[in-house]
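Please work through the exercises below with the sequence and the three-dimensional model open beside you. Try each task before you read its solution.

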Amino acid sequence: MGNFSLAHNRIRALIFLLALAMFVFGLRLVQVQAVQAGDYRMRAVNEMENTKSLPAPRGEITDINGIAFARSVAATSIVVDQTQITNPARVANFIAPILDLPVAQVQASITGERKWNMVYQNAKPALWQKLTKSISVFNSQYPAMSPDRIIGFFPERGYIREYPSGSLIASLVGFVNRDGKGATGLESSMNSTISGIDGKYSFANGYGAEIPGSQSEIIPAQTGTTVRLTVDRDIQWVASQAISDAVKSSNALSGTVIVMDPKTGEILAHATAPTFNPNNTSKVALVAMRNPSVQDVYEPGSTGKVMTLAAAIEEKKVTPETVITVPYALKRSTKVFHDHDKHPTQYLTTAGVLAVSSNTGSIQIGELISNDKFYEYLTKFGVGTKTGSGLPGESRGILPKVADWSGTSAPTMAFGQGYSLTAMQATSIFATIANDGVRVSPTVIAGTRDASGNFTPAPGRTSQRVVSSETAKVMRLMMESVVSGNGTAPSAAIPGYRVAGKTGTAQRIDDTCGCYRGYTASFIGFAPADNPAYVISVTIQDPKGMHWGGVLGGPVFKKVMSFVLQSRHIAPTGTAFEPIPLDKKALAAKKAQDATANN
């Protein structure tokens, strides 16, 4: 009985050990076939096959409606095994016309002992098909092993960047370099987001070259993230045409148009002239690839008077009807300042000073607040700080510290010179007035979409109150007078709509001499003035001949804003504009009329 029990225990132990061995073997099998299958596959591939990187397409850059400004399209690079080319001169003469390349260039690329050499980088797939078909026809006249046959050319898969809208928005979107990396614009600043993750494929090696048809994908390439802009392509097109025509007609150096929603900070159009074609940058100068709206700084001139008057009104130093004695010339410290047109002493209201863009009137209003307080308001409006747009290369502008001001600094700054800003900053200043005194940081990014189609909206914009809603409201009323028949920009008026804005004609600093030479002409405005929906800035650098901001910028504003209001179905508000008296005489007449009405 004891022997039976002992044998029984041994059998049970043996069964247990067998079961344990099977269990361990099963776990190992699962690990090899499931968990580590990819690793073993890679090891096998590395030992038995050749592998190459499988390029990933970059994500698109689109407008707000998903229309592509930049996209990746399939391309085929044509490479050669030079050791298989028996007669380079004869082959080059045959191949070159097909590839539309110089014969000497092709012959140099196919001559030598290299197993791999580039012949044509990033060709359209149709060109490779044309080449292989032509070679097949050529080879059909020779026996299979004839040395006269052409062999040794192979395709390599890849992508090229295509810009369907051409030069329409090149300064903002930018372009990629020959290596497929972002070189300028959003292509550069968002390169890590837009770039995909390369995959890997294997291929059989035949005589030192990749055998066509032997390719097998190991790791799939992951498409990059698509960036959706706030820009509307249709508005962008109208803005581009308008500023291009204005720059040409005025023989100007350059021009910029920005369309912004003041409530959200979204940029609907960002047009520059001249521009360039990102599909062909081989002969484009580096300076032409800049984004002038955020990289080029200039003294704003009279558009800066908006900040001077807003600060004085906010500090309750003046009202729109405060009468200012305005001489043609005014001496401050060692310099005599004057208005652009000679005139006898005038008695203008604050609204009148803005409407006729008086320098001497603005100086006197600016003197009602301290230098420190004036500097504080300029800073709150965004002068001297980046806008937060996130655009590459953005400048903060130039705003000297109060400690560095001379006796003429404050008077000069009061009418918009002595400090510098960018077109984006200038647009943001007017958007602050349009948005009831709250500055919202501008943006061109609506959000991103991953390869699976999931859209992620861009983070909300930062905001800061600069002046009260009451101050912003009276500023808008005053700025309506600028586009009236008595103002400096009647050319910006849009029939049926209330429009407000301000002209600027500033002396322009020429970097080549460090002196003032030429002008910067601008007009910035918004509509409808009593309930602003959009702000548009027009900046024209160094126009020749006529250089007034109202004459040059007003018509561009009118053309673009008219289209924006119509395309976005913004109806006129229907409220009547009650003009603020512009001078002492008109103010007295208004008071008399009001007194009569009250009696």
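The exercises that follow go from the whole chain to single helices and then to single residues.

The model is a predicted one, in which local features need pLDDT of at least 70 and side-chain atom pairs count only at pLDDT 80 or more, while totals for chains, interfaces and linings use all residues. Residues are numbered from 1 along each chain as its sequence is written, and side-chain values use heavy atoms, with hydrogens and water left out.

**Exercise 1. The whole chain**

Task: Describe the secondary structure of the protein and how spread out the protein is.

Solution. Begin with the secondary structure, which comes to 19 helices and 23 strands; these are DSSP runs numbered from the N terminus, helices being H or I with at least four residues and strands being E with at least two. Next, take the radius of gyration over C-alpha atoms and set it beside the globule rule, 2.2 Å times the number of residues to the power 0.38. The radius is 35 Å, well over the 25 Å that the rule gives for 599 residues, so the protein is more spread out than a compact globule. Finally, the C-alpha atoms fill a box of roughly 125 × 90 × 50 Å along the principal axes.

**Exercise 2. Burial, contacts and charge**

Task: Find what share of the residues is buried, and then characterise the contacts, the surface and the charges.

Solution. Buried means under 20% relative accessible area, exposed means over 50%, and partly exposed lies in between (1.4 Å probe, protein chains only). By this rule, buried residues make up 47% of the 599 residues. For the contacts (heavy atoms within 4.5 Å), consider those between residues at least 6 apart in sequence: 73% of them join residues at least 24 apart. The surface comes next, with accessible areas from the Shrake-Rupley method and a 1.4 Å probe, where for residues only the protein chains shown count as cover. The protein exposes about 28400 Å², of which carbon and sulfur atoms supply 54%. For the charges, Lys and Arg count as positive and Asp and Glu as negative, leaving out His and the chain ends, and each charge is placed at NZ of Lys, CZ of Arg, CG of Asp or CD of Glu. There are 56 positive and 44 negative side chains, and the centres of the two sets lie 2 Å apart.

**Exercise 3. Two helices and their lengths**

Task: Check the spans of α18 and α16, and say which of their residues are buried.

Solution. The expected span of a helix is 1.5 Å times one less than its number of residues. For α18 (residues 549-567), the 19 residues should span 27 Å, and the end C-alpha atoms are 26 Å apart, which agrees. The buried residues of α18 include G549, L552, F557, V560 and L565, and what covers the buried residues includes α9 (233-249), β11 (254-260) and β21 (500-510). For α16 (residues 423-434), the twelve residues should span 16 Å, and the end C-alpha atoms are 17 Å apart, which agrees. Twelve of the twelve residues of α16 are buried, among them M424, I429 and F430. After α16 comes D436, whose phi is positive, near 60°.

**Exercise 4. An enclosed helix and the residue after it**

Task: Decide how far α11 is enclosed, and then examine K316.

Solution. Nine of the ten residues of α11 (residues 305-314) are buried, so this helix is largely enclosed by the rest of the structure. K305, M307 and I313 are among the buried ones. K316 follows in the loop between α11 and β13 (323-326), and K316 has a positive phi of about 60° although it is not a glycine. With 74% relative accessibility, K316 counts as exposed.

**Exercise 5. Single residues and cis bonds**

Task: Place H569 and S240, and locate two cis peptide bonds.

Solution. H569 lies in the loop between α18 and α19 (584-598); its phi is near 55°, a positive value in a residue other than glycine, and H569 is exposed, with a relative accessible area of 71%. S240, by contrast, sits in helix α9 and counts as buried at 10% relative accessibility. Leaving aside neighbours within four places in sequence, S240 is in contact with L168 and A271. A cis peptide bond joins A273 and P274, with omega about -5°, and P274 lies in the loop between β12 (267-273) and α10 (292-295). The bond from A527 to P528 is also cis, with omega near -20°, and P528 is found in the loop between β22 and β23.
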